[in-house]
Amino acid sequence: MINYTDTEFHPRDLTDRTWTETTVLIISVPEAGIFGNAYVLARPNLGVTLSSVILGQGFCRQPYEVDFTDPQMHLPCPESFSNYSLDNGLTVSSDGPRNYRMQYKNALGAASFDLTFEGLHDPFDPHDPDQNPLFERDLTTSDDSRKGDEWENGHFEVKGRIRGELELRGKSYQVESYEGMDHSWGPRTEIGTRSVSWVSINFGEDFAMHMAVPMRIERGQVFYDKIRFGYVVDHGEVHGLIDGTIQAERVDMLAFSNHVTATDVRGKKYEFFGSAIAGHPWYTFNPSHVCYQSLFRYERGSAVGYGEMGDIFGLDYLAERMSRHGRLK
C-alpha cells in the first residue's frame, strides 16, 4: 500500500550506489499534436540527479525533428524528492502521491511550463496483491531480464488531470489533459536488457486504464506478451487487471496503430483501437535505454480519449536482436 510519504526519498542502504528514485509527468496538447514529458532520475547515494524534458509536435522520427530536448545528466541531488528545484530550471512540489506541481523554465528560453497534476484515485501499487491480482504470477518470472530493475522494488501509478500553460519556442499552449504519473524506487543496475511497454488510455474522470506488458523481438518484429500488471479507474474506483493483450503496427520502431484488450478483476472486458497522432524516440531519460513513445487517440462510445504508449528497450536488448553483430537476430 502506498502512503503519503512515498513521494519522498525512501529508506535505503547508504552503501548501495545504484539506489534510484524516479518520477515522470506526461505532457500533451492533443489538439495541437504536442507530446512529451518531464522526467527526473535521482541517485541520492551518489548525490546526482538526471532530468530530461522533451517536447515534439507530430511525428519526429529523427532527432532534428524533435522541437525541444533538454537532458541534464549530472545535477546535484536535492535533499527532498517531494519539494525541490534543480539547476536545469525544473521545480517539483507535492503534498502527497495524488497531487503534484511541476514548473520549468529552460535556460535558453526555448520552453517553459507550469503544470498541476490532480490525481483521480488512490495510487496503484503493483506490489500489493490486494490491488494487483497478477502479483503472484509475476513473481514466477522474476528472472526475466526484460523486466529490468525499474519497477521491481517500489513503484506506484496514479491517473490524473493535468492543467496549466506550456510555451514552446515562443508559442503558448493551454494544457488540459488526463494522463498517468508514477514514482519508482530501489536498486537499479541499468544494463540495458529491458523490453517492456507502458500503455496508458484516458477518458477524463470517468475511465482510465494502464498496462505494463513485456515485449520480445523476433526476426525484427516486435511482439507483446501477456500483461505483467495493470488496472482500470472506473469513476474513481481502481480495479486490477487479470488479462491484457496488445498488438501494434509501427514504422521505424514507432507504434502508429494499436489494438488493446483487457479484462479486470470484476470480469469486465475492454477493447480499444488506437491511432497515433504524435511520437518520437526518447533517448535522454537514460543512456542505456530508448523509449519509442507515441500519443494515441482512442474512442469509447461517443467519447474521445488519449494516452501514451511507450515501448521501452534497453539498447543491448536491441543490439543483440537488430544490430549487424546481433547474436539473436
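**Exercise 1. A loop residue with positive phi**

Task: Classify D252 as buried, partly exposed or exposed from its relative accessibility.

Solution. D252 has a relative accessibility of 47%. The buried class ends under 20%, and the exposed class starts over 50%. D252 therefore counts as partly exposed. The model is predicted, so every value here is a computed one. Next, place the residue. D252 sits in the loop between β15 (237-251) and β16 (254-264). Last, check the backbone. D252 is not a glycine, yet its phi is positive, at about 50°.

**Exercise 2. A second positive phi**

Task: State where E190 lies, what its phi is, and whether it is buried or exposed.

Solution. Start with the location. E190 belongs to the loop between β10 (171-187) and β11. Its phi is about 55°, a positive value in a residue that is not a glycine. Now the accessibility. E190 has a relative accessible area of 16%. The limit for buried is under 20%. E190 is therefore buried.

**Exercise 3. Overall dimensions**

Task: Decide whether the radius of gyration agrees or disagrees with that of a compact globule.

Solution. Take the chain length, 329 residues. A compact globule of that length would have a radius of gyration near 20 Å. The protein has 18 Å, which agrees. Add the extents. The C-alpha trace spans about 50 × 45 × 45 Å along the principal axes. Then the burial. Of the 329 residues, 58% count as buried. Now the contacts. Among those with a separation of 6 or more, 58% join residues 24 or more positions apart.

**Exercise 4. Surface, charge and secondary structure**

Task: Give the accessible surface, the charge counts and the secondary structure totals.

Solution. The accessible surface is about 14100 Å². Carbon and sulfur atoms hold 49% of that surface. Count the charges next: 31 side chains are positive and 48 are negative. The centres of these two sets lie 6 Å apart. Finish with the elements. The protein has two helices and 19 strands.

**Exercise 5. One side of a helix**

Task: Find which residues of α2 are buried, and explain why they lie on the same side of the helix.

Solution. Helix α2 covers residues 315-322. Its buried residues are Y317, L318, E320 and R321. They cover an arc of only 165° around the axis, which puts them on the same side of α2. The general rule helps here: an α-helix has 3.6 residues a turn, so residues three or four places apart point the same way. Now ask what this side meets. The buried residues of α2 pack against four strands: β11 (195-203), β12 (207-218), β18 (289-300) and β19 (303-314).

**Exercise 6. A residue inside β18**

Task: Describe the surroundings of Y298 in strand β18.

Solution. Y298 has a relative accessible area of 0%, so Y298 is buried. List its contacts beyond four places in sequence. They include S200, I201 and F203. N258, F272, F273 and G274 also touch Y298. A303, V304, G305, Y306 and G307 are in contact with Y298 too. Compare a distance. I2 is 296 residues away along the chain, and its C-alpha lies 30 Å from that of Y298.

**Exercise 7. The loop between β2 and β3**

Task: Work out what P44 and N45 touch, leaving out residues up to four places away in sequence.

Solution. Begin with P44, which sits in the loop between β2 and β3. Its relative accessible area is 16%, so P44 is buried. P44 touches F9, R12, W19 and C77. The C-alpha atoms of P44 and E21 are 8.1 Å apart, with these positions 23 residues apart in numbering. Move to N45, in the loop between β2 (34-43) and β3 (48-57). N45 touches R12, D13, L14, T15, D16, R17 and W19. Sequence distance can mislead. N45 and P30 are 15 residues apart in sequence, but 38 Å apart C-alpha to C-alpha.

**Exercise 8. The segment before β1**

Task: Say whether H10 is buried or exposed, and name its contacts beyond four places in sequence.

Solution. H10 lies in the segment before β1 (19-29). Its relative accessibility is 10%, so H10 counts as buried. Its contacts are W19, E21, H183 and W185.

Terms used:
Residues are numbered from 1 along each chain as its sequence is written. This is a predicted model: local features need pLDDT of at least 70, side-chain atom pairs count only at pLDDT 80 or more; totals for chains, interfaces and linings use all residues. Side-chain values use heavy atoms; hydrogens and water are left out. Buried means under 20% relative accessible area, exposed over 50%, partly exposed in between (1.4 Å probe, protein chains only). The arc is that of the directions from the helix axis to the C-beta atoms. Contact means heavy atoms within 4.5 Å. The radius of gyration is taken over C-alpha atoms; the globule rule is 2.2 Å times the number of residues to the power 0.38. Accessible areas come from the Shrake-Rupley method with a 1.4 Å probe; for residues, only the protein chains shown count as cover. Lys and Arg count as positive and Asp and Glu as negative; His and the chain ends are not counted. The place of a charge is taken as NZ of Lys, CZ of Arg, CG of Asp or CD of Glu.
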